[in-house]
Amino acid sequence: MADTNDIQTFIKPYLVPEGSEELNRNLQAMAASFAVTDDKISDIIKGLHKSMKTGLDHDDPDALPMIPTYVNGRPTGKETGTFLALDLGGTNLRVCQVTLKGDTTYSLVQQKFTITQEAKESRLWDFIAECVGVFLEEHDLHPAPGKRTIPCGYTFSFPIYQTGIASGNLSMWNKSFTVPNSVGRDVVNLTQSAFQRHHVPVEVVAVLNDTVGTLMTSGYSHPDTQMGIIFGTGTNAAYWENLENIGKWTGPDRKGEMVVNLEWGAFDNATEVLPYTAHDNKLNRKSSNHGLQVFEKMISGLFLGEVARNAILSLVDQRLIFAGRSSEILNKSYTFDTAYMSEIVADQTPDLANVKVVLEGTLDIPPTSLIDRKVVQHVCNMIGTRGVRLSAAAMSAVLLARPELLASTVSVGIDGSMYQFYPNFERNLYSVSRVFLGEDFVDNRLKLHLAKDGSGVGAAIVAMTVDRDRNR
C-alpha cells in the first residue's frame, strides 16, 4: 500500500515518462504543491480542533462560527405524523409534505415554485404565503383535529443570526434578493405575518439551514447519526455537541446535547495550515468574497473546476500543453465545470477519448495529443485527491471531537454533488479516515449514508421533534 506520508506518493503517479523534462519538472512542482500528506492532515485536524474549541467558547472572527442551532431533540426513527416543510433557496421555493412512518422511513410529496423577480425585489413574504396556500389547497391539507395550525419546519438558505429554534434575524441578503425592510428582522415573524394576512393555517415551529436538515434526515433513518455534511456546490457540516462544551451558550439548560453548525467553509481563512497554492490564490484574488471561505474553495464543486482551469492554463502559458494554445471558452473564469473533472478523472479508455471530447468538443481547444490529455487528467486528479483528503480531514476532526462516541456505531449523513458524483469520493473518505480514526472503527463502526433532500425532509423532522417536545 502506498505510503501517504511520503511526498513522492503524491508526485510519481503524475509524471509523464514520454513527456519533456521541462513538462515533468512542472508537473512535479505542481503535484508537490497540491499534496496533502498524513502529517499535513494531522496539522489540519489540530487546527480545526483549536478553531472549534475557540468558536464554542466565544464568537471570534478568526475561529469557526460554531453556531448553536437550538435543535436539541434527536429523532428516534419511531416518530409518526405528517409535517410541512418550506425550503427557500435562491431560485425555488419548495413546499413539502413529509409523512414519517415510524419505521425509520418516510414519504415525500413536494411542489416547486420558481421565485419571481418581483418576489426577490419586494413581495417575498406574501409570495411564500400564497405558494403555501396553493399547496394546502391542492393537497387538501388541514390542521389536525383540535389544532388551529399545521406545524412547519423552515429551511432558510440565507445568512441569519439565530435567536431561538423558531427565530432568526436576517443578517444580509445575497443571491440577488433585495427585499426591503427585512435585514435585521426575524424571518419567521415576517413569514408568519404573511400567513396570517393570507389566512394560511401554518405555524413555523423551527428554522434551520440545509446542513442541520441533512443531519436530521439521516438521524431519522439512522438514529446513531452524529454528523451531517454537505459536499456539493458548497460545503458545511453540523454535529451533535454536549451543551456543557458550548461555553457561549447562554440558555437555561446546560445538560444534554445540541446541534452545532460549524460553517467550516470559513476554516483557516488566514491560510496558516491549509495547502494553499498559487492557483488557489488566483481564484481567491478574483472572487467576490476574497479572503473568505478559503477551505470551501479547496473542496467544493463550485470552485474545484476553477482551480483546475488555473493550473491547466499555467501549463498552457509555458507552452507545455496544447502547443501553447487555449480557447475563448477556457480563457473565461468558471467555464471548466467540476462535472468535467469527474468525467476526465473517470476516463479509462486507452487514448483518453472522453477527455478528448471534453477538451475539444466542449471547451473548443484545438486538436490535443495523448500527452496533453494525460496531463489534464493528472492535474484534475491532483486537485480532486487534495479535495477528498481535506474533506476526510475535516470529517475526522469533527468525529474525534466526541471520542466517547467512537466505541459505538456512528453514522454520518452526507448530501451533495461531490459525494454523489465525483469518482470514488466515498471510498476515499473511508480510506483516508482509517489513518486518523483507526482501522477498527472505520471498517466496523463508521457508516456513511447519502441523505437526499435533507433541506426538505430534515426541516419536517425538526418540526416533528419540536412538536413532540412541546406536547410532552
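Which residue does arginine 197 form a salt bridge with? The partner is aspartate 126, and the closest N and O atoms of the two are 3.2 Å apart. Arginine 197 sits in helix α4 (residues 187-197) and aspartate 126 in helix α3 (residues 117-138), so this pair ties together parts that are 71 residues apart in sequence. Aspartate 126 counts as buried, because its relative accessibility is 19% and the cut-off for buried is under 20%. Keep in mind that this is a predicted model, so every distance here belongs to a prediction.

Let's stay with charged pairs for a bit. Side chains of opposite charge can pair when their charged atoms come close. The structure holds 16 salt bridges, and a couple of others are worth a stop. Take glutamate 21 and arginine 25, which form a salt bridge with the closest N and O atoms 3.9 Å apart. These two are four residues apart in helix α1, so about one helical turn separates them. Glutamate 21 is exposed, at a relative accessible area of 66%.

Now jump to glutamate 257 and arginine 402, whose side chains meet in a salt bridge at 3.2 Å, N to O. This one links distant parts of the chain: glutamate 257 is in strand β11 (residues 257-261), while arginine 402 is in the loop between α12 and β12 (410-415), 145 residues away. Arginine 402 is buried, with a relative accessible area of 4%. The pair also has company, as salt bridges that share partners join Arg74, Glu257, Arg402 and Glu404 into one network.

On to the empty space. The second largest pocket has a volume of about 750 Å³. It is lined by 27 residues, and those closest to its centre are Tyr14, Asn381, Thr385, Arg427 and Asn428. Three helices each give two or more residues to this lining: α10 (338-346), α12 (370-400) and α14 (425-437). The largest share, seven residues, comes from α12. Sorted by class, the pocket lining has 14 nonpolar, 10 polar and three charged residues.

What about closed-off space? A search of the whole structure turns up three cavities of 30 Å³ or more. The largest cavity holds about 60 Å³, and its lining is made of Phe10, Tyr14, Ala31, Phe34, Ala35, Val36, Met382, Thr385, Arg386 and Arg389. Helices α1 (21-34) and α12 each give two or more residues to that lining, with the largest share, four residues, coming from α12. By class, the cavity lining divides into seven nonpolar, one polar and two charged residues. If some names sound familiar, Tyr14 and Thr385 line this cavity and are also among the residues closest to the centre of the second largest pocket.

Since α12 keeps turning up, have a look at helix α11 (residues 353-362), where Val355, Val358 and Leu359 are buried. Seen down the axis of α11, the buried residues fall within an arc of 85°, so they line one face of the helix. The face turned away from that buried side carries the exposed residues Val357 and Gly361. What covers the buried residues of α11 includes α10 and α12. After α11 comes aspartate 364, which has a positive phi, near 65°.

Two single residues round off the walk. Leucine 370 is found in helix α12 and is partly exposed, with a relative accessible area of 32%. Leaving aside neighbours within four places in sequence, leucine 370 is in contact with Pro350, Asp351 and Leu352. Leucine 450 lies 80 residues from leucine 370 along the chain, and 36 Å separates their C-alpha atoms.

Asparagine 269, in turn, lies in the loop between β11 and α6 (278-286). Asparagine 269 is partly exposed too, at 28% relative accessible area. Not counting residues up to four places away in sequence, asparagine 269 touches Gly291, Leu292, Gln293 and Val294. From asparagine 269 to valine 202 the C-alpha to C-alpha distance is 41 Å, with the two 67 residues apart in sequence.

Terms used: Residues numbered from 1 in each chain as written. Predicted model: local features only at pLDDT ≥ 70, side-chain atom pairs only at ≥ 80, totals over all residues. Heavy atoms only, no water. 1 Å grid on protein atoms, 1.4 Å probe; cavity = no way out; pocket = protein on both sides within 12 Å on 5 of 7 lines; lining within 4 Å. Points joined across faces, edges and corners; volume = space filled by probe spheres on them. Nonpolar A, V, L, I, M, F, W, Y, C, P; charged D, E, K, R; others polar. Buried < 20%, exposed > 50% of the residue type's maximum accessible area, 1.4 Å probe, protein only. Arc of directions from axis to C-beta. Contact = heavy atoms within 4.5 Å. Salt bridge = Lys/Arg side-chain N within 4 Å of Asp/Glu carboxyl O.
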